[in-house]
Amino acid sequence: MKVYDVLKEYKALLDEGIITEEEFEKKKKELLALPDFGEEEETQGKIEDERNALEEHRRKLKEASLEEKRKHLEQLEEEERQRNAEREQEEKPVDAEWEPAEESDYFCGETGEGRKKKTKLLGIIIAAIIIVLLILIIVVKTGKPNYEWPKSGLATSIPEPSQKKGEIYSNDNTMFDINLYRVSEDDYSAYVQECMDSGYTVEADDETADYGAYNEDKDRYIEINYYDYNSEMSVTVHAPDKWTDIYWPSSKVVKNLPKPKNLYGVINWDYSDSFSVDIANVSEAEFQDYIDECMKAGYNVDYDRNDDSYYADNKAGVNLSVSYEYFDVMNISVRMED
């Protein structure tokens, strides 16, 4: 028999209530102090002594009278009662005369009348919170920034809107951009009419919530967009860049790209892995002819062709974008894949 075999026997006595927890722990410590080496004579002798002591303990318990067993159990129960009493004493409230409230008072710790007062107070608090939230919403709405209408740039080429809440993002010789807040559909329609009266009616594109048109000289293009979900309106004015005669690069990324028939415009950038150019004075027919040339040159992989744009790759992994912009401008951009 090994150490753990004897320990199991003592655990069984503990489970049967024959020995106490303290007695079991004491024996456990004594037994675990012995190395369970198996065949060493000294260790086996000690284990054998423990086994004999265990068997003697069992024999004595069997021979004990029922009265002794009953007393033993009563002693264990008394010890448990004492421990419970000590725990209850520690948890008992300081005020010994405290009595639990009636069930009807648990809602707020008061009488039914007190509960009504608390309910009324709760309603007042909720109403106050709603009022505060409404005030915050009004403050946020009215807190939109005011703008000052510019006296230079492209802003001077369109009517000044009546709405004074908004933000100006750009105003130079090629673009003016403003976003207006708290605009109704009637406000939008009225402003579109003002711009039309100012001459922005050439090639007009009038949709449900958008308007676009050139002025009479066709050197300005206006876009007016209305967003009903947040009652905002954006106004953007475009003007053509200054065109010049340009060169056509010989870089690797442009090597297989067809050269346009006219080289009048502006180069946006020219890098070893990307190139972008705006070609001026391009008709819609010339735009479509150039797309056909690009397809013949191999830019026909995964292509997407529309009336005013074309996107495709070639087999070398070069991305091509061709688009027809304001003022009869054709933008050509190519980029090598990373």
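Q: How many bridges must DSSP find between two strands for them to pair?
A: The pairing of two strands is defined by the bridges that DSSP finds between them, and the number required is at least two. The model discussed here is a predicted one. In it, strand β2 (residues 175-180) and β6 run antiparallel and are joined by six bridges, and the definition asks for at least two.

Q: Which residue of β6 is the bridge partner of aspartate 177?
A: Strand β2 covers residues 175-180 and runs antiparallel to β6. Across the bridges between these strands, aspartate 177 has as its partner in β6 threonine 236.

Q: Which residue in β6 stands opposite tyrosine 227?
A: Strand β5 (residues 221-227) pairs with β6 in the antiparallel sense, over seven bridges. Within this pairing, the residue of β6 opposite tyrosine 227 is glutamate 232.

Q: Which residue in the hairpin of β5 and β6 takes a positive phi?
A: The hairpin of β5 and β6 has four residues between its strands. A positive phi near 55 degrees is taken there by serine 231.

Q: Is strand β6 largely enclosed by the rest of the structure or largely open?
A: On one side of β6, Glu232, Ser234, Thr236 and His238 are buried, and on the other side Met233, Val235 and Val237 are buried as well. Both faces of the strand are thus covered. Seven of the seven residues of β6 (residues 232-238) are buried, so the rest of the structure leaves the strand largely enclosed.

Q: Which strands stand at the edges of the open sheet of six strands?
A: The strands of this open sheet follow the order β1-β2-β6-β5-β4-β3, with antiparallel pairing. Each edge strand has a single partner, so one side of it is left without a neighbour in the sheet; these strands are β1 (166-171) and β3 (202-206).

Q: What is the average twist from one strand to the next in this sheet?
A: The sheet in question is open, and its six strands pair in the antiparallel sense. From each strand to the next, the twist averages 5 degrees.

Q: Which residue in β5 has alanine 213 opposite to it?
A: Strand β4 (residues 210-214) and β5 run antiparallel, with five bridges joining them. In this pairing, alanine 213 stands opposite isoleucine 222.

Q: At about what angle to β5 does helix α6 run?
A: Helix α6 comprises residues 185-197 and lies across three strands, β4, β5 and β6. Relative to β5, the helix runs at about 170 degrees.

Q: Is the aromatic pair of tyrosine 214 and tyrosine 221 stacked or edge-to-face?
A: The structure holds 11 aromatic pairs. For tyrosine 214 and tyrosine 221, the ring centres are 4.6 Å apart and the planes stand at 65 degrees. Planes over 60 degrees apart have a class of their own, and this pair is accordingly edge-to-face.

Q: How far apart in sequence are the parts tied together by the pair of tyrosine 214 and phenylalanine 327?
A: The ring centres of tyrosine 214 and phenylalanine 327 are 5.4 Å apart and their planes lie at 65 degrees, so this pair is edge-to-face. Tyrosine 214 belongs to strand β4 and phenylalanine 327 to the loop between β12 (318-325) and β13 (329-336), so the pair ties together parts whose separation in sequence is 113 residues.

Q: Are tyrosine 214 and phenylalanine 327 buried or exposed?
A: A residue is buried when its relative accessible area is under 20%. Tyrosine 214 has 6% and is buried. Phenylalanine 327, at 12% relative accessibility, likewise counts as buried.

Q: Which residue has its charged end over the ring of tyrosine 214?
A: Tyrosine 214 forms one aromatic cluster with Tyr221, Tyr326 and Phe327. Over its ring, 5.1 Å from the centre, sits the charged end of lysine 218.

Q: Where is aspartate 328 placed?
A: Aspartate 328 is not a glycine, yet it has a positive phi of about 55 degrees. At 29% relative accessibility, it counts as partly exposed. Its place is in the loop between β12 and β13.

Q: Where is arginine 182 placed?
A: Arginine 182 has a positive phi, near 55 degrees, in a residue other than glycine. Its relative accessibility is 47%, so it counts as partly exposed. Its place is in the loop between β2 and α6.

Definitions and conventions: Residues numbered from 1 in each chain as written. Predicted model: local features only at pLDDT ≥ 70, side-chain atom pairs only at ≥ 80, totals over all residues. Heavy atoms only, no water. Buried < 20%, exposed > 50% of the residue type's maximum accessible area, 1.4 Å probe, protein only. Helix = DSSP H or I, 4+ residues; strand = E, 2+ residues; numbered from the N terminus. Axes fitted to C-alpha atoms, helices over the stretch in contact; angles between N-to-C directions. Contact = heavy atoms within 4.5 Å. Phe/Tyr/Trp six-rings, centres within 6.5 Å; stacked < 30°, edge-to-face > 60°. Lys NZ or Arg CZ within 6 Å of the ring centre and 35° of its normal.
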